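New to this one? Take a look at the sequence and the fold first, and then we'll walk through them together.

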Amino acid sequence: MRKLVWGNQDTIRPLSFNALNAKLTKRVERLAEPKKLSKLHIPNRPEYHNSWGRGSIIWELPTKSFFSYPSPRIESLAEPKQLQEEYLQKRPYSSPEWHVKDPSVTPEASVRIVQLSVAKSTHPDFVAPKQVETQITPAALHAHPSLRVISLSEPKVKTETLYFERGRNDLPIRPVSTAAMTAQPSPRTLFLAKAKSVHSDYLPVRPVQQPVSRAALKYVPSPRIEVLSTPSARTPLTVNAINLDAFKVKDAAKVAVCSPRIVKLAEPIKR
């Protein structure tokens, strides 16, 4: 089989000698001609900025098209589709409300429908909302406050503000009195001011990289440790190594009787 190399000019399937020397018929030459452009084709249509490099789909209409009248054929095609007579007979009303027959307007409800139509009752433990405990009398609603009450309701005007001008200021936001600056703390305050100490059994975090002693590097394991460090040798699971009697139950185990202790331990835990 011939090997195909991509990128050459050879055809995928080799052409026969007769196909290379064949003469074209008039029908094939006619079909091989390119399609002619329409008379309405515009070779260089304007490209707009929002068209992403493509020609605009908005065509420039000539002035005569704005003053032309549609033909009778176009007017007939522009009319909406008429409803069929069968549809109007089945549904005589244009409203979405369908006509209901007289027997279905006054039917006799069954026992099940009457049972389902009963409103849901409240729970027996339902508690209604409580009334307002504080009842305001009409005299209090129409009362006029005295001058003293008005003066007490006004907000307190502070002479000193809690804000400072822009810039660095080492003064505290609230002024500290001289007595507070020269006060001596009590023993209780000094005891509470001490930082919480670490527990006596606290061990600091060990470093991730711990130094290994020289004796551990030169340690020689004993024969017993070498025997224990050897992995257990297991036979490969081949067809010959599979034991078909691995799950065989002995005859003595089939007729064994459990002791009272085992029966007691086999009972599930009561929760």
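Here is a short tour of the chain, its confidence and one surface patch.

This is a predicted model, where local features need pLDDT of at least 70, side-chain atom pairs count only at pLDDT 80 or more, and totals for chains, interfaces and linings use all residues. Residues are numbered from 1 along each chain as its sequence is written, and side-chain values use heavy atoms, leaving out hydrogens and water.

The protein chain has 14 helices and 0 strands (DSSP runs of H or I with at least four residues for helices, of E with at least two for strands, numbered from the N terminus). Just 1% of its 271 residues count as buried, meaning under 20% relative accessible area with a 1.4 Å probe, protein chains only.

How sure is the predictor? The average pLDDT (confidence in each residue, from 0 to 100) is 81, and 77% of the residues score at least 70. The two extremes among the elements are these:

| Helix | Residues | Mean pLDDT |
|---|---|---|
| H4, lowest | 85–90 | 70 |
| H10, highest | 187–193 | 93 |

Now for Leu-61: it sits in the loop between helix H2 (26–32) and helix H3 (72–78). Leu-61 counts as exposed (over 50%) because its relative accessibility is 56%.

Key
pLDDT = per-residue confidence, 0-100.
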